[in-house]
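Colleague: I have a model open and would like to learn how to read its features one at a time. Could you take me through it?

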Amino acid sequence: MKSSIKYFGCALIALAAATGCKKVTNGYLSDQIRYIDNPIRIGRGLIQQTNAVSNDGSSAPVTYKLLDIRDAATHKHADALDQKYDHYEWTSLFDAQTDTSIDLLNQKRKLVNSTVYGFDQHTGAFTFYGTSVNIPLGTYEFDISASNENGTKVFKNIATFTLVDTPAYHVGDGGAAWFQDGTNDNGDIGVPQVTIERVANEGTLVNLKIIGSDGKPFNPAKGEIIRRGDRSDFQTYAQFHPLVYTDSTMTCNFETTPFPLQQSTYGYLIYYRIPSQFVTFDAGYTPTTAHIYSANPRFQFNIYQEGTYNVTVKMQHCRHI
């Protein structure tokens, strides 16, 4: 009996020694790292950040490396995504309520030349910039690697993202009325027709033109378009630069999207008045044919992507004298 106990004890000692010599794996690196929101949808021309990758409980810290991006249809490297463009990146938190000058804005951003996306090695998330407007629509597949103290694993075709076109702008509701000079008498003259044309992908400019039903523009440089009391106007939303006037347009350099960055007391509405000495109305829309009635359009629009835009507001049932 004693010999059996002695033999069993020696076996335990031998097993313990063998176990103690086995190398212990450092950390844990999952084989199931993935993008939960796959497939990923990206609005071309928008500033957009994807969700972080799920590391499935892998031991922190995990670092990620983007290995390749391919056209999902051809499985060939997506050369277009290697091209670099100038764009602004935020360097600190921007507050539209307080950062209301170009100097304050420039303290929060820097101009860089890079691809249309950034890849965060700590989260595996992508950030797409407005310059993605230059990339062909379609679906792209990509590979990454993940590394921690356990080692490195490669994840081939881990996910796809699809570049889709989204609206670059939106036209909201509006209206227009005549007002008799020196009184509150007024009447409706119909909703102005607002058309927006994006003439370039570059820049951050809106050229606003207000025209009569005959297509002739009113001249803001000569006082033919004026503010309407304390109502919001184009300059209300142009917080970084004063408007530039010509004989037919008002131009705003909005610097950053979306534009407007924030609402006024009146939402996004823009109000203007065409003084009575510059406008005449179609028969039956004002009580008399005397030139004592101003035209008062209100309209709204939002710009979501960088570029140069021509915005034309065509009033109904009135025209330039």
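Modeller: Gladly. Let us begin with a term: two residues are in contact when they have heavy atoms within 4.5 Å. Keep in mind throughout that this is a predicted model.

Colleague: Which residues is leucine 208 in contact with, leaving aside its neighbours within four places in sequence?

Modeller: With that local stretch left aside, leucine 208 is in contact with Phe234, Ser248, Thr249, Met250, Phe299, Val311 and Val313. Leucine 208 itself belongs to strand β14, residues 204-211.

Colleague: Is leucine 208 buried or exposed?

Modeller: The cut-off for buried is under 20% relative accessible area. Leucine 208 has 1% relative accessibility, so it counts as buried. For a sense of distance, take histidine 87: its C-alpha is 25 Å from that of leucine 208, and the two are 121 residues apart in sequence.

Colleague: Now the sheets. In what order do the strands of the sheet with β14 run?

Modeller: That one is an open sheet of five strands in the order β13-β21-β14-β16-β15, and its pairing is mixed. At the edges are β13 (193-200) and β15 (244-245), each pairing on one side only.

Colleague: How does β13 pair with β21?

Modeller: In the antiparallel sense, over seven bridges, with β21 spanning residues 307-314. To find the register, start from valine 194, whose bridge partner in β21 is valine 313. You have met Val313 already, among the contacts of leucine 208.

Colleague: Which strands make up the open sheet of four?

Modeller: Its order is β1-β9-β8-β3, again with mixed pairing. Each of β1 and β3 has a single partner strand, so one side of each is left without a neighbour in the sheet. On average, neighbouring strands here are turned by 30° against each other, direction ignored.

Colleague: Over how many bridges does β3 pair with β8?

Modeller: Eight, in the antiparallel sense; β8 covers residues 138-148. One pair to look for is tyrosine 64 with alanine 146, its bridge partner in β8.

Colleague: And why is β11 described as largely enclosed by the rest of the structure?

Modeller: Because five of the six residues of β11 (residues 175-180) are buried. Its partners can be followed from there. With β19 (residues 293-299), β11 pairs in the antiparallel sense over six bridges, and phenylalanine 179 has serine 294 as its bridge partner in β19. With β12 (residues 186-188), β11 forms three bridges, also antiparallel; here alanine 177 is matched with aspartate 188.

Colleague: What lies between β11 and β12 in their hairpin?

Modeller: Five residues, with glycine 182 in the turn at a positive phi of about 75°.

Colleague: How should I read backbone angles elsewhere?

Modeller: The general idea is that most residues other than glycine have a negative phi, and most peptide bonds are trans. With that in mind, look at the loop between β2 and β3, where aspartate 56 lies. Aspartate 56 has a positive phi, near 55°, and is partly exposed, with a relative accessible area of 31%. Histidine 75 also has a positive phi, about 65°, and sits in the loop between β3 and β4 (85-90).

Colleague: Where are the cis peptide bonds at proline 39 and proline 61?

Modeller: Asparagine 38 is joined to proline 39 by a cis bond with omega about 0°, and proline 39 is in the loop between α1 (2-21) and β1 (40-44). The bond from alanine 60 to proline 61 is cis too, with omega near 0°. Proline 61 is in the loop between β2 (48-49) and β3 (63-71).

Colleague: Last topic: how does one look for empty space inside a model?

Modeller: Rolling a probe the size of a water molecule over the atoms shows where empty space is left. In this structure there is one cavity of 30 Å³ or more, and about 40 Å³ of space lies in the largest cavity.

Colleague: Which residues line the largest cavity?

Modeller: The lining consists of Tyr237, Ala238, Gln239, Phe240, Asn253, Phe254, Phe259, Pro260 and Leu261. By type, seven of the lining residues are nonpolar, two are polar and none is charged.

Technical notes
Residues numbered from 1 in each chain as written. Predicted model: local features only at pLDDT ≥ 70, side-chain atom pairs only at ≥ 80, totals over all residues. Heavy atoms only, no water. 1 Å grid on protein atoms, 1.4 Å probe; cavity = no way out; pocket = protein on both sides within 12 Å on 5 of 7 lines; lining within 4 Å. Points joined across faces, edges and corners; volume = space filled by probe spheres on them. Nonpolar A, V, L, I, M, F, W, Y, C, P; charged D, E, K, R; others polar. Helix = DSSP H or I, 4+ residues; strand = E, 2+ residues; numbered from the N terminus. Buried < 20%, exposed > 50% of the residue type's maximum accessible area, 1.4 Å probe, protein only. Pairing = 2+ DSSP bridges. Axes fitted to C-alpha atoms, helices over the stretch in contact; angles between N-to-C directions.
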